[in-house]
Amino acid sequence: MAKIENLKDLYVHELKDAYDFEHQILKALPKMEKKASSQELKAAFKEHLKVTERQVKRLEQVFQDLGQKPTRVSCKGMKGLIEEGEEYMKNGADPDALDAALILAAQRVEHYEMAVYGTLCAYAKALGHENQAAILHETLEEETRTDEELTKLAKSTVNLEALPG
Ligand SMILES: [Fe+2]
């Protein structure tokens with residue numbers, strides 16, 4: 001890891017980390033869509049793939065605004081979260097319980113992303129990059145909406161069907 005000497009370094013490092021985790025999510029979502037049984041959940045994962053593609057583009061805009069080439073540094077946190085989701089996919093036998101597990105895995109990812117984008121927004125503002133803060137805020141709002149939609153899905157159908165009975 002490159003040396004972090006100031007807030008600017010930290011900001012750029014975390015942008016690269018976010019650029020990496022969005023790519024990890026792009027790879028994971030089609031697998032999650034395939035494994036989901038609920039049509040609504042499949043649709044939600046499919047939609048989020050499009051949203052994530054836009055978020056990658058937004059990060060590229062931020063790098064451009066900074067006069068930097070977009071690069072990735074491996075996000076170990078996201079790797080762990082995705083691996084946990086994959087374990088469910090390998091071991092989940094009951095389709096309703098697997099759907100519930102996929103929602104859990106996806107919400108973990110969303111909360112992780114919300115924490116990072118919220119912080120990135122604050123750093124951008126502190127560094128006087130208002131334009132970048134606005135771009136990052138758009139993504140933060142999207143992640144928040146996705147999380148709310150997942151909560152709705154969990155409450156409405158999926159989790160209840162996983163109850164033994
Ligand atoms: Fe994202």
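Okay, a quick definition to start: a nonpolar core here is a set of buried Ala, Val, Leu, Ile, Met, Phe, Trp, Tyr and Cys residues joined through side-chain atoms within 4.5 Å. And bear in mind that what you're looking at is a predicted model.

So, the core. The largest one has 41 residues, and the members touching the most others are Leu15 and Leu136. Who contributes? Helices H1 (7–35), H2 (39–66), H3 (76–91), H4 (95–126) and H5 (130–161) each put in two or more residues. The top contributor is H4, which gives 11.

Let's zoom in on Leu15. Which residues does Leu15 contact, once we skip neighbours within four places in sequence? We get Leu59, Val62, Phe63, Leu66, Leu120 and, yes, Leu136.

Next, the metal. There's an iron ion, and its donors come from Glu22, through two OE entries, plus Gln55 through OE1, and Glu113 and Glu143 through OE. Those distances run from 2.1 to 2.5 Å. If you like to read the site off the sequence, the spacing pattern is E-x32-Q-x57-E-x29-E. The site ties together distant parts of the chain: Glu22 sits in helix H1 and Glu143 in helix H5, 121 residues apart. Both of those glutamates, Glu22 and Glu143, are buried.

Last stop, Ala115, which is over in helix H4. Why does Ala115 count as partly exposed? Because its relative accessibility is 48%, and partly exposed covers what lies between the 20% and 50% cut-offs. For a sense of distance, go from Ala115 to Ile103: that's 12 residues in sequence and 18 Å in space, C-alpha to C-alpha.

Conventions
Residues are numbered from 1 along each chain as its sequence is written. This is a predicted model: local features need pLDDT of at least 70, side-chain atom pairs count only at pLDDT 80 or more; totals for chains, interfaces and linings use all residues. Side-chain values use heavy atoms; hydrogens and water are left out. Buried means under 20% relative accessible area, exposed over 50%, partly exposed in between (1.4 Å probe, protein chains only). Helices (H or I, at least four residues) and strands (E, at least two) are DSSP runs, numbered from the N terminus. Contact means heavy atoms within 4.5 Å. Donors are N, O and S atoms within 2.8 Å of the metal (3.2 Å for Na, K and Ca); water is not among the atoms, so sites may look incomplete.
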